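Let's walk through this structure together, looking at how some of its helices pack and at one side-chain pairing along the way.

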Amino acid sequence: MAGVTGAGSAAPPVRVLIVDDDALVRAGLSMILGGLPDLTVVGEAADGGEVPAAVAAYAPHVVLMDIRMPRVDGLTATEALRAQPHPPEVLVLTTFDADEQVLRALRAGAAGFLLKDTPPAEIVHAVRRVAAGEATLSPTVTRKLIAHVTAELGPPGPDPRQERAVRLLTGLSERERQVAVALGRGRTNAEIAGELFMSVATVKAYVSRLLTRLELNNRVQVALLVHDAGLV
């Protein structure tokens, strides 16, 4: 997000909304994030149905979204939230790293996901990265997503999702395509810059251009498109 940076910046703290039906989880996340100078927990919600009002009231930069809730689940809430103009970033919370719903949430526009047993320092790092416009998908997580995408493709034959992905990526320039493939491999901006001999600023410009040209919400969706096309 523009104007939101990590620790040591003079920018205002990253505003975080926690959405989880488990009060203990909410309390734990609040404790982890609440004592840091560059992060502030502005509100909590116990169900996906409370998210629109909470976002309107608290204007968070990042929403930590539980995926399984009894009334309105996190997937539905994420899809509705990301469809709004200028939505906050969403980090999905789950107890499973091979959850089919996680992939659906990422396709809906979530910037990444965290397991609920993720170490506190990694949770903090993930929130900072997402607020700064980075994805939170490590190469390990990306490999798992590739497995999900492959399973989704089903038996041999025409696949509309794959055909669409190939068509969209064919329209890119060679450099744009290289950046897209790097995103599909879970690379950070700094890693892409090193691999493609660019400055980080140039990589950021290419990522922004890709999002505009492909009409996608974030770099995670670019990565999934690359996976759909079979390029990684």
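Keep in mind that this is a predicted model. A good place to begin is helix 8 (residues 174-184), which packs against helix 9 (residues 189-196) at an angle of about 135 degrees, the two axes lying 10 Å apart. Angles over 145 degrees would count as roughly antiparallel, so at this angle helix 8 is oblique to helix 9. As for handedness, helix 8 makes a right-handed crossing with helix 9.

Now zoom in on the side chains there. Helix 8 brings Arg175, Gln178, Val179, Ala182 and Leu183 to the contact, and helix 9 answers with Ile192, Glu195 and Leu196. Sorted by class, the contact between helix 8 and helix 9 has 5 nonpolar, 1 polar and 2 charged residues.

Further along the chain, how do helix 10 and helix 11 pack? Helix 10 (residues 200-214) meets helix 11 (residues 219-229) at an angle of about 70 degrees, with the axes 10 Å apart. The range for roughly perpendicular runs from 65 to 115 degrees, which is why helix 10 is described as roughly perpendicular to helix 11. The crossing of helix 10 and helix 11 is left-handed. Val207, Leu211 and Leu214 of helix 10 make the contact with Arg219, Val222 and Leu225 of helix 11. By class, this contact of helix 10 with helix 11 has 5 nonpolar, no polar and 1 charged residues.

Finally, a look at the rings. Arginine 209 lies over the face of tyrosine 206, 4.6 Å from the ring centre. As for pairs of aromatic rings with centres within 6.5 Å, the count comes to 0.

Methods
Residues are numbered from 1 along each chain as its sequence is written. This is a predicted model: local features need pLDDT of at least 70, side-chain atom pairs count only at pLDDT 80 or more; totals for chains, interfaces and linings use all residues. Side-chain values use heavy atoms; hydrogens and water are left out. Axes are lines fitted to C-alpha atoms, for helices over the stretch in contact, and angles run from 0 to 180 degrees between N-to-C directions. Helices (H or I, at least four residues) and strands (E, at least two) are DSSP runs, numbered from the N terminus. Angles under 35 degrees count as roughly parallel, over 145 as roughly antiparallel, 65 to 115 as roughly perpendicular and the rest as oblique. A crossing is left-handed if the near helix is turned anticlockwise from the far one by less than a right angle, and right-handed if clockwise. Contact means heavy atoms within 4.5 Å. Ala, Val, Leu, Ile, Met, Phe, Trp, Tyr, Cys and Pro count as nonpolar, Asp, Glu, Lys and Arg as charged, and the others, Gly among them, as polar. Rings of Phe, Tyr and Trp (its six-membered ring) pair if their centres lie within 6.5 Å; planes under 30 degrees apart count as stacked, over 60 as edge-to-face and the rest as tilted. A charge sits over a ring if NZ of Lys or CZ of Arg is within 6 Å of the ring centre and within 35 degrees of the ring normal.
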